[in-house]
Amino acid sequence: MTMKSILRLTVAASAVLFAHSASAGVVRVSEAAFVAGSGLITFSEFAQGTVNPVYAPATYGGGAGSPTVTFDGYFTGQTAGAANPGACPAGAAVSGCVLGNPTGPLSLAAASPDTFITQDGANPTSPVLSGTPQFNGSIAILFSTPQFGVGLQGGFFNAIAGTAITAFDSLGNVLGSVTNTGLGIEFLGLVSDNGLAQISGLLFSLVGAEPAGFAIDNVRFGLQGQVVTPVPEPATAALFGAGMLGLFFARRRKA
C-alpha cells in the first residue's frame, strides 16, 4: 500500500470518528456524576397540590446562568396514548404512554395532562411529582437553556424496563433514552456524548408494563463541570489517525 493510500484511509477514518464524536447522542450516568453546582429540584420547594410547577433559578438555589425548569404532561407535537392505544408499547398503560415526537422549537403542550406535587408513601424522599392520573401519567421537563446532563429518581418500579427517560434537543429531535434496570427507586441520568450542552427536554413515560404506578423526584441537571463524566472528544480522531500513520511507518521499518 502506498503512502498516498494510507493518508487517504487515515483522513477518511478520522472523518468518520469526528462525525461520530460530534453527533448528538446521550450516555447513561449515575447520580454521582452530578457534583457541586449542579441543579437539584426536590419538589419540597412548593406546596403539595401545586400544578405544573415553575422553577426559576432562585427557587432551587441555582446560580448565574442556571435554567428555569418547567413541567407538563408531554411536549407540543406529541399525543397521549389514549388517542391510539394500539400504538402504545405492549403492556404500557395508555395514560403513561406518549406517542410521536415533539415539533420544534421544543415546548410543553398546554393541552397535555397536568403534573402535580403529591405525597408518595413508597418514596423515602416524598413529596414527588406525579403525572395525571396520579402515579400513572407521563411527565415532561423543559429547560430554558440546554443542559449537558440531566437525570431524576423514578419509581416506585415494580417491573424492569417498563419506564424510560427520553432526551430531546431544542428542535425536538430525539437524542436518546434509557429504561429502568431494577425495581424500587432508581436514578435515570443522561449526558450528551459529545460534551456539549444539548439536552433541552426530558420525557418520563411508559415503554412497557409498570403495574403499580410511577412518579419522579430529585431532578438533577447541569453543564460541563457541574456534571462530571468522560465523553468522547474530537481529539480521538486525531489520535486514531496518528496511530494509523505510526503503524504504517513501523511496518515499513520492519520490512
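A search of the whole structure, which is a predicted model, finds one disulfide. This disulfide joins cysteine 88 to cysteine 97, with an S to S distance of 2.3 Å, and both cysteine 88 and cysteine 97 are buried. The torsion about the S-S bond of cysteine 88 and cysteine 97 is about -100°, so the disulfide is left-handed.

Around this covalent link, the chain is built from three helices and 15 strands. Buried residues account for 47% of the 255 residues, and the accessible surface comes to about 11,200 Å², with 63% of that area belonging to carbon and sulfur atoms. Among contacts between residues at least 6 apart in sequence, 75% join residues at least 24 apart.

The strands can be approached through one open sheet of six, whose order is β3-β4-β9-β14-β11-β12, with antiparallel pairing. Its edge strands are β3 (54-55) and β12 (174-179), each of which pairs on one side only. Starting from the β3 edge, two bridges join β3 to β4 in the antiparallel sense, and tyrosine 55 stands opposite valine 69 in β4. Strand β4 (residues 69-72) is in turn joined to β9 by four bridges, again antiparallel, and here valine 69 stands opposite phenylalanine 143 in β9. Continuing along the sheet, β9 and strand β14 (residues 199-206) pair in the antiparallel sense over five bridges, with glutamine 147 opposite isoleucine 199 in β14.

Phenylalanine 143 leads from the sheet to the aromatic residues, among which a search of the whole structure finds nine pairs. The rings of phenylalanine 143 and phenylalanine 221 have their centres 5.4 Å apart and their planes at 50°, so the pair is tilted. This pair links distant parts of the chain, since phenylalanine 143 belongs to strand β9 (residues 139-147) and phenylalanine 221 to strand β15 (residues 215-222), 78 residues apart. Phenylalanine 143 is buried, with a relative accessible area of 3%, and phenylalanine 221 is likewise buried, with a value of 2%. Elsewhere, ring pairs link Phe43, Phe46, Tyr55 and Phe71 into a cluster.

One member of that cluster, phenylalanine 43, deserves a separate look. The place of phenylalanine 43 is in the loop between β2 (39-41) and β3, and its phi is positive, about 70°, although it is not a glycine. At 0% relative accessibility, phenylalanine 43 counts as buried. Leaving out residues up to four places away in sequence, phenylalanine 43 touches Tyr55, Phe71, Ile117, Pro127, Val128, Leu129, Ile216, Asp217, Asn218 and Val219. Of these partners, asparagine 218 also has a positive phi, about 50°, although it is not a glycine. Asparagine 218 lies in strand β15 and, at 11% relative accessibility, counts as buried.

Phenylalanine 43 also takes part in the largest nonpolar core, which has 30 residues and in which Ile41, Phe43, Val69, Phe71, Ile141, Phe204 and Ile216 have the most contacts. Strands β4, β9, β10 (149-157), β11 (163-168), β12, β13 (184-192), β14 and β15 each supply at least two residues of this core, and β14 gives the most, with four residues. A second, separate core of ten residues includes Leu106, Leu108, Ala140 and Leu142.

The loop between β6 (98-99) and β7 (116-118) holds threonine 115. Threonine 115 is buried, with a relative accessible area of 0%. Apart from its neighbours within four places in sequence, threonine 115 is in contact with a set of residues that includes Thr50, Pro53, Phe71, Asp72, Leu129, Ser138 and Ile139.

Proline 105 is also placed in the loop between β6 and β7, and the peptide bond that reaches it from glycine 104 is cis, with omega near -5°. Another cis peptide bond runs from glycine 155 to phenylalanine 156, with omega near 5°, and phenylalanine 156 is found in strand β10.

Notes. Residues numbered from 1 in each chain as written. Predicted model: local features only at pLDDT ≥ 70, side-chain atom pairs only at ≥ 80, totals over all residues. Heavy atoms only, no water. Buried < 20%, exposed > 50% of the residue type's maximum accessible area, 1.4 Å probe, protein only. Contact = heavy atoms within 4.5 Å. Areas by Shrake-Rupley, 256 points an atom, 1.4 Å probe, with all protein chains shown as cover. Phe/Tyr/Trp six-rings, centres within 6.5 Å; stacked < 30°, edge-to-face > 60°. Disulfide = S-S within 2.5 Å. Pairing = 2+ DSSP bridges. Core = buried A, V, L, I, M, F, W, Y, C linked by side-chain atoms within 4.5 Å.
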